[in-house]
Amino acid sequence: MTQVRQAAIPRATRAPGAPWRVSLLTHRPAAAEEFYGALFGWEFGPGPGRRARALLDGQEVAGIGQSPPDRQFPAAWTPFFTSSDVDLSAHQVRLCGGTVAVGPLDSAGEGRTVVAADPAGAVFGLGEYAGPSAAPGEDGHGLPVWTELITYETERVVKFYEAVCSYEQESGAGGPERVTLHSAGRPAAALRGAGRTALRGRGAHWLTHFRVTDVEWALARVPALGGRVREPARDTASGRSATVTDPQGAVFAVLQAPA
């Protein structure tokens with residue numbers, strides 16, 4: 001039997017606010033498994049509740065969960081960050097203008113978790129996790145390597161995550177509308193300001209980036225598998241990146257490492 005190692009995001013620390021895992025909520029998990037298996041080479045195993053574990057070489061890299069059939073939630077990827085005390089974090093979310101959607105609750109094999117939304121409505125999760133840290137240096141095709149918040153309330157939202165996740169901020173080359181959030185001195189996530197017009201129909205949201213060996217190959221493969229290209233490839237400081245959706249509309253980015 002293949003041994004599963006919990007290691008959702010490469011190079012993550014376990015300090016408060018560090019990336020922990022990413023999870024897809026969708027109405028058609030079997031179709032999602034087919035899409036992501038073909039695009040990223042994932043295999044799948046059973047997880048807790050309605051969630052399946054996405055695996056690469058026996059290592060868990062993501063989760064895919066079943067949306068409640070009586071709810072019209074859009075398909076979406078959600079990042080989870082670590083917390084030393086989920087109950088205290090949930091209280092802080094409410095104090096700082098966010099909302100708690102699910103939990104806090106205990107999940108077999110995963111510790112205590114909560115799903116929340118920040119003041120602009122972007123959904124994220126927090127979890128207490130006592131397992132081993134991810135192996136350093138892992139950065140292969142199909143692995144989640146970065147997450148970025150696209151929002152229209154930059155200053156207020158940065159303060160929210162500083163309070164809830166103990167982040168420190170660093171303004172990027174794009175000015176105050178581009179901020180990198182640090183956990184224990186290491187980059188944990190980024191925040192990018194966008195106008196309300198640009199976010200119309202989508203709202204503030206977290207964008208998960210998955211590593212691919214060739215962005216152009218991925219952009220040809222996504223439509224062939226029933227997905228859609230939302231934003232064409234462009235060169236960034238982190239590599240060549242493009243934004244796409246899966247067949248059920250879940251948005252994510254594919255990122256090729258710099259040459």
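How many salt bridges does the count come to? In this predicted model, the count comes to eight salt bridges. The exercises below examine some of them and then turn to a helix, a strand and the backbone.

**Exercise 1. Determine which parts of the chain are linked by the salt bridges of R112, R192 and R240.**

Solution.

Step 1. The general principle is that side chains of opposite charge can pair when their charged atoms come close. The cut-off applied here is a side-chain nitrogen of Lys or Arg within 4 Å of a carboxyl oxygen of Asp or Glu.

Step 2. R112 and D87 satisfy this criterion, their closest N and O atoms being 2.7 Å apart. Since R112 belongs to strand β8 (residues 111–117) and D87 to helix α2 (residues 86–95), the bridge ties together parts that are 25 residues apart in sequence. D87 is partly exposed, at 37% relative accessibility.

Step 3. For R192 and E148, the closest N and O atoms are 3.5 Å apart. This pair links distant parts of the chain, with R192 in strand β13 (residues 186–193) and E148 in strand β10 (residues 144–151), 44 residues apart. Both R192 and E148 are buried.

Step 4. R240 and E216 form a salt bridge with an N to O distance of 3.0 Å. Because R240 is in strand β16 (residues 239–245) and E216 in helix α4 (residues 215–224), this bridge ties together parts that are 24 residues apart in sequence. R240 is partly exposed at 27% relative accessible area, and E216 is partly exposed at 41%.

Step 5. Salt bridges with shared partners also join R51, R53 and E60 into one network.

**Exercise 2. Establish where the buried residues of helix α4 lie around its axis, and what covers them.**

Solution.

Step 1. The buried residues to consider in α4 are V215, A218, L219 and V222.

Step 2. An α-helix has 3.6 residues a turn, so residues three or four places apart point the same way.

Step 3. Viewed down the axis of α4, the buried residues fall within an arc of 100°, and therefore they line one face of the helix. On the other side of α4, A220 and A224 are exposed.

Step 4. The cover over the buried residues of α4 includes α1 (29–40), β15 (228–236), β16 and β17 (251–256).

Step 5. At the N-terminal end, α4 is capped by D214, which places a side-chain oxygen 3.0 Å from the backbone nitrogen of E216. Just after α4, G226 adopts a positive phi of about 100°.

**Exercise 3. Decide whether strand β4 is enclosed or open, and describe its pairing with β3 and β5.**

Solution.

Step 1. Six of the six residues of β4 are buried, so the strand is largely enclosed by the rest of the structure.

Step 2. Both faces are covered: one side carries the buried residues R51, R53 and L55, and the other carries A52, A54 and L56, likewise buried.

Step 3. Strand β3 (residues 43–46) runs antiparallel to β4 and is joined to it by four bridges. In this pairing, F44 stands opposite A54 of β4. The hairpin of β3 and β4 has four residues between the strands, and G49 takes a positive phi near 60° there.

Step 4. β4 and β5 also run antiparallel, joined by six bridges. R51 stands opposite G65 in β5. Two residues lie between the strands of this hairpin, with D57 in the turn.

**Exercise 4. Locate D57, S166 and P104 in the fold and state the backbone feature of each.**

Solution.

Step 1. D57 is a residue other than glycine, yet its phi is positive, near 55°. D57 occupies the loop between β4 (51–56) and β5 (59–66). To classify its accessibility, the cut-off for an exposed residue is over 50% relative accessible area. D57 has a relative accessible area of 82% and is therefore exposed.

Step 2. S166, also not a glycine, has a positive phi of about 60°. S166 is located in the loop between α3 (154–165) and β11 (168–172).

Step 3. The peptide bond from G103 to P104 is cis, with omega near 5°. P104 is situated in strand β7 (residues 99–107).

Conventions
Residues are numbered from 1 along each chain as its sequence is written. This is a predicted model: local features need pLDDT of at least 70, side-chain atom pairs count only at pLDDT 80 or more; totals for chains, interfaces and linings use all residues. Side-chain values use heavy atoms; hydrogens and water are left out. Buried means under 20% relative accessible area, exposed over 50%, partly exposed in between (1.4 Å probe, protein chains only). The arc is that of the directions from the helix axis to the C-beta atoms. Contact means heavy atoms within 4.5 Å. A polar contact is a pair of N or O atoms within 3.5 Å; within protein, one must be able to donate a hydrogen and the other to accept it, and residues adjacent in sequence count only if both atoms are side-chain atoms. Two strands pair if DSSP finds at least two bridges between them.
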